[in-house]
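Biologist: Please take a close look at the empty space in this model, open and enclosed alike. I should like to know what borders it, and what lies on the surface and between the parts around it.

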Amino acid sequence: PFPNSSDLSPPSFILASIPGLEAAHFWMAMLLCSMYILAVTGNCVVLFIVKTEPSLHAPMYFFLCMLAAIDLALSTATVPRVLSFYWFNTREISFSACLVQMFLIHTLSAIESTVLLAMAVDRYVAICHPLRHAAILTNAATAKIGLVAMARGVLFFLPLPLLLLPLPFCSSRVLSHSFCLHQDVMNLACNNTTPSVVYGLTAILLVMGLDSILICLSYILILKAVLRLASWKERLKVFSTCVAHIFVVLAFYVPLIGLSVVHRFGKDLAPLVHITMGNVYILVPAVLNPIIYGVRTKEIQRRILNLI
């Protein structure tokens, strides 16, 4: 039962379901719930360990705490609503709730991208300018970087829901995902969406696009510095300090690129592909980040073993 006429202020959108797999919704929700519990537990453990261990009060671990807090907020802004859809078949989401969720997803993703760039710069300074590292990346500077990351995300992505507010929406209000994304909501509008398309693309390029380029540049400079070292043993030892961050960057950008490709070129793909890519984008980084740093960081490993 969808309305047949356009409405300037649509009462609700309809979250996507997978045709023919309605009977499996309970088990899909159990899988998502298990991943969500794992993400919340892992990131809370990281926050607790860094807070209670004075030896970890350093910029690299403060950035890791920011990453954990962002992953907690991003998964909590989406997964509970997805679970209520799968378990209780509450497919409708109000227009205002959809815009708020969309704003949170894009803003938190932008903040996470900025933090990943800051972590890359931290590794660059630590390897290429070790004597200046403590002077450049102080605790105060780290806090300021966190505030700049928040302000950057909000300022760039607050216009996205504002640009959608005046648009009329057509009779079909069925989304492609189990939560709200800008591209998805925008595609349901009946009117000219050019300003929204142009601004959304510009924001993505100036935040995630620019950050990814600068991260690559940081690692090119790091690689050049590492290759100047005398022995392969020294090179591997120095570069191993970057491995965890490289995996975390891949865990964030690969699902982001995959989701963008699906939206751009996957209009004829099955709904399962859209929904799966959306869930991967929301949950996989939040699950993997604490595991990656837990495996690769001896200080966190030791503290976890002490807790156990």
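Modeller: A definition is needed before the linings can be described: Ala, Val, Leu, Ile, Met, Phe, Trp, Tyr, Cys and Pro count as nonpolar, Asp, Glu, Lys and Arg as charged, and the remaining residues, Gly among them, as polar. It should also be said at the outset that the model is predicted.

I begin with the second largest pocket, whose volume is about 450 Å³. Its lining consists of 17 residues, and those closest to its centre are Met60, Thr241, Arg296, Thr297 and Glu299. Under the classes above, this lining comprises 7 nonpolar, 5 polar and 5 charged residues. Five helices each contribute at least two residues to the lining: helix 2, helix 3 (95-128), helix 10, helix 11 and helix 12 (298-307).

Helix 12 also takes part in a contact between charged side chains. There are 3 salt bridges in the structure. In one of them, glutamate 53 pairs with arginine 303, with 3.5 Å between the closest N and O atoms. Because glutamate 53 lies in the loop between helix 1 and helix 2, whereas arginine 303 belongs to helix 12, this pair ties together parts that are 250 residues apart in sequence.

The largest pocket encloses about 820 Å³ of space. Of the 29 residues in its lining, Gln183, Gly200, Leu201, Ile204 and Ser260 lie nearest the centre. Two or more lining residues come from each of helix 7 (182-186), helix 8 (194-227) and helix 10 (243-265). The class counts for this lining are 16 nonpolar, 11 polar and 2 charged. Helix 10 thus appears in the linings of the largest pocket and of the second largest pocket.

I turn next to the enclosed spaces. Over the whole structure, the search finds 2 cavities of 30 Å³ or more. The largest cavity holds about 50 Å³, and its walls are formed by Leu32, Thr78, Val79, Val82, Phe179, Asn279, Ile282 and Leu283. Helix 2 (59-88) and helix 11 (271-296) each provide at least two of these residues. The lining contains 6 nonpolar and 2 polar residues, and no charged ones.

The second largest cavity has a volume of about 30 Å³. Around it stand Asn43, Val46, Leu64, Leu67, Ala68, Asp71, Asn289 and Pro290. Helix 1 (25-52) joins helix 2 and helix 11 here, each giving at least two residues, and helix 2 gives the most, with 4. Sorted by class, this lining has 5 nonpolar, 2 polar and 1 charged residues.

Helix 1 and helix 2 also share a feature of the exterior. Phe26, Trp27, Met30, Trp87 and Phe88 make up a nonpolar patch on the surface, and together they present about 600 Å² of accessible area. Each of the two helices supplies at least two residues of the patch, with helix 1 giving the most, namely 3. Phenylalanine 26 is placed in helix 1.

A database record adds a further layer. In an unreviewed entry, UniProt lists residues 26-49, 61-83, 103-125, 145-169, 197-222, 243-266 and 272-295 under "transmembrane region". Two of these spans can be set side by side in the model. Residues 61-83 are 100% helix and 0% strand, with 32 Å between the end C-alpha atoms. Residues 145-169 are 76% helix and 0% strand, and their end C-alpha atoms lie 39 Å apart.

Helix 2 recurs throughout this account: it contributes to the linings of the second largest pocket, the largest cavity and the second largest cavity, and to the nonpolar patch.

Notes
Residues are numbered from 1 along each chain as its sequence is written. This is a predicted model: local features need pLDDT of at least 70, side-chain atom pairs count only at pLDDT 80 or more; totals for chains, interfaces and linings use all residues. Side-chain values use heavy atoms; hydrogens and water are left out. On a 1 Å grid over the protein atoms alone, a cavity is a set of points where a 1.4 Å probe fits but cannot get out, and a pocket is an open set with protein on both sides within 12 Å along at least five of seven lines; lining residues have an atom within 4 Å of a point. Grid points are joined across faces, edges and corners, and a volume is the space filled by probe spheres set on the points. UniProt positions are given in the numbering used here, feature names are shortened, and annotations may be inferred rather than shown by experiment. Patches are made of residues with over 30% relative accessible area and no salt bridge: like charges are joined within 9 Å, nonpolar side chains (Val, Leu, Ile, Met, Phe, Trp, Tyr) within 5 Å. Accessible areas come from the Shrake-Rupley method with a 1.4 Å probe; for residues, only the protein chains shown count as cover. A salt bridge is a side-chain nitrogen of Lys or Arg within 4 Å of a carboxyl oxygen of Asp or Glu.
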